Amino acid sequence: MGAQVEVYGIRHHGPGSARAVRRALEDFKPDAILIEGPPEADPLVELAGDAGMVPPVALLAYAPGKAPVGDAAEGSDRQAAFWPFAEFSPEWQAIRHALSTGVPVRFCDLPAAHQLVPAVPGRPPEPGAPPASDTAGGPDDHVAGEQPGAQAEPGTPGTPGTPGTPGTPAEPEASAEPTVPRVSAEPAEPGMPAEPEPEVPAEQRIRLDPLGWLAKAAGYDDAERWWDDVVEHRDEGPSPFPAIAEAMAELREQLAALPEPEVADGLPPGYLRREEQREAHMRRTLRRTLKDGYERVAVVCGAWHVPALQAKVPASKDEQTLRGLPKTKVAMTWVPWTHGRLANRSGYGAGVRSPGWYHHLFAAPDRPIERWLTDAARVLREEDLHVSSAHVIEAVRLAEALAALRGRPLAGLDEVTEATRAVLCEGADLPVELIQRTMVVGERLGAVPERTPMVPLQRDLQAEQRRLRLKPSALDKEQDLDLRKPTDLERSHLLHRLRLLDVDWGVPTEGGGRSSKGTFRETWTLMWRPEFDVELIEASAWGTTVRGAASARAEAMAAQAETLAELTSVAERCLLADLGDALPTVMRSLADRAALDTDVAHLMSALPSLVRALRYGDVRGTGTGPLQSVVDTLVVRICVGLPPAVTGLDDGAARELLGHVDAVHGGLALLGAVEHSERWRRTLRGLVDRRDLHGLLEGRLTRLLQDAGMLHDVPDRMARAVSIGTAPDRAASWIEGFLSGGGLILVHDEELLRLVDGWIAELSGDSFTDVLPLLRRTFGAYSTAERRAIGERVRRLGAAPERRRDDLDLDLERAAPAVAAALRILGWEARS
């Protein structure tokens, strides 16, 4: 009796496909199983049976030993790709079946070593190589640019109109299709219209979207809904795989009948050649498996490849197809994945719109609609929304009625969502969005066993996470840190060190991680993303521990810094991260650059970061001695260099310098050094009377000196600034500068308010039109309460002043107990 081979064509991440594969394998009882995926992962497959392996997870292939992107290795590209698996992935169920029955399992796709070959500048691509891009390609990875008008996220394969592009139906073609992490992905400008997608010949859409083609033939306008009806919502009955194989064979025959030029028309460069290589390698692996003596072999692959694996192709032809492929060194490991990254909205090419819904269908095959709507009611009740059992019963009836009206075998997500909106949410959209976020996507983070291969940096981070009790989560989590507590202080250090390595697990809610609640507090938003594992692997070139790698990266950043402001920022980040080893090197670079830089604007932009580092370094217990000497030098040089810098400024330069003045003024106030503050105020006092000073700066310096108590003739100065002999634009600039610190001064100083009101009232029509944009910019920056208070004061300017009653008849004896209570509440002791 000859060997038997069964090929099961599946679609990525489908509960019906997963159950069908599991039943088919139990019936067929193979003695070997081949799965579409990178063969380098064969030694790791047994980890899938470990109790610590919790889907969703992904295989990660990466090129080891590469320097971090954008740093020392100029021109280096990120070379990595993911192969994700969920609990309801057919491939995952095939792996678990093989491990539970002791059947050997192998991956049969084209090796990652051929797929992650970096493009070489100036050299034409190898025959069959994937399109060149800023990332390495994987199977069916058609990276050739971002989708116009869409924000790219890490793991965004696809070009407009190709599989793997957000908004196109997911095809059954490439199971275990990898998603490629982006080195950088800038979002499109808001409001920019999307460019039209390129025209793709109708015949070629068969290859790009075979599901859509079959759905259209069946009378469906939604390929996802058609696949759900014919496969995913099937529970019992005959195996769907023969019908799927027959349908794909028919589609491929139609393509084969096209003239050769039309076959490649509309496809990315190298696409067809890469498909030939992939299928040739699958056939080669199948032949070798049979040659090894296995007689009952099951192959689980994308439905599109089934006819190619069943075809009788000579081994010599496949060997010729695979001969001479470029190759690179790769390493493989397992990493946690998330349901959010499986969703189409994340840009993952073979993703599904509703991973949470699919997980529910797989985990609850009996009465899934009733269970889903019951869970939805529970979610709404947790948000204090009234949902009764009667609501759930009525929603189930409505969902089943909609499915019957539409001829569907089971109510799908569309019907369930409509029933949820109409009955449970009573037509409101916000509760439906809550269900979408918490259940339909159903965000969750997988886990991998301790013995999974990792680089030392990953191991060190995991140890730090356990020690500091910071558990990664796929959902946004706010972490409030009190820096006076040792554990919270170490958590802050860890998060700042990771940010130096471009691993933004934590994002501070305020600049630099300092909260408005006080200098001892920080508030972070924590969310773990799968691509952080790739970034940690890249960052391992800097060191084997988080602290060591962050120190080395900080020293490299200091060496490459082009401006003084960049260096001061690095110094501040070193203090926030408690990198005492790197700080001396950074400070030497900072002192050298500060000594040579003669541009006062550069010095002024650098000072605020150093002041913050001094102020908050003390809170963290970090030594800041070297910083103090640099700050002392900068303050002196700024005070000396500012007077020449204010001469002959146009509007743009004056506005830029005004920002530096405000930043330095605020920084010195924060520092609290009396000597520096007095030197700075003396410098401003010497500038405010200069006739060549721009009106914007003169007004602002007047306000700063008034606040410091160094000017007592401010009304006279304003009167001169807005007098009839002053040009309206200069007067408006003076007013803008004076009021830029806030509008409350006009609320409390009626004389200044009358001067401004009188000046505006006396402007001619043309002059008022000219200065109106400046006035709108000035008053538009105030809060609503400030504008309202100013308006009330202006309204009462012409009214008679209110009488003040200083002779109120007060009973001090009766008031004494209330005064004493108020003093106790305020923490003051009542004086006798």
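A nonpolar core is a set of buried Ala, Val, Leu, Ile, Met, Phe, Trp, Tyr and Cys residues joined through side-chain atoms within 4.5 Å. Keep that in mind as you explore this predicted model.

**Stop one: the cores.** Select L373, W505, L590, M604, L607, L627 and W680. These are the residues with the most contacts inside the largest nonpolar core, which has 143 residues. Now colour residues 600–619: this is helix α23, which gives the most to this core, with 9 residues.

Next, zoom in on L627. Which residues does L627 touch, leaving aside those up to four places away in sequence? Show A571, L575, M587 and L590, then add L610, A613 and L614, and you have its contacts.

Before leaving, select A81, L211, M248 and A303. They are among the 52 residues of a second core, separate from the one you just visited.

**Stop two: a sheet.** Move on to β8, β10 and β9, which in that order form an open sheet of 3 strands with antiparallel pairing. Which strands lie at the edges? Select 477–482 for β8 and 506–508 for β9; each of these pairs on one side only. Rotate the view a little: neighbouring strands here are turned against each other by 35° on average, direction ignored.

Now highlight residues 521–526, strand β10, which runs antiparallel to β9 and is joined to it by 3 bridges. Within this pair, look for V507, which stands opposite T525 of β10.

**Last stop: the helix on the sheet.** Select residues 486–500 to bring up helix α18, which packs on the sheet and touches β8, β9 and β10. The direction of α18 makes about 125° with that of β8.

Methods: Residues numbered from 1 in each chain as written. Predicted model: local features only at pLDDT ≥ 70, side-chain atom pairs only at ≥ 80, totals over all residues. Heavy atoms only, no water. Pairing = 2+ DSSP bridges. Helix = DSSP H or I, 4+ residues; strand = E, 2+ residues; numbered from the N terminus. Axes fitted to C-alpha atoms, helices over the stretch in contact; angles between N-to-C directions. Contact = heavy atoms within 4.5 Å. Buried < 20%, exposed > 50% of the residue type's maximum accessible area, 1.4 Å probe, protein only.
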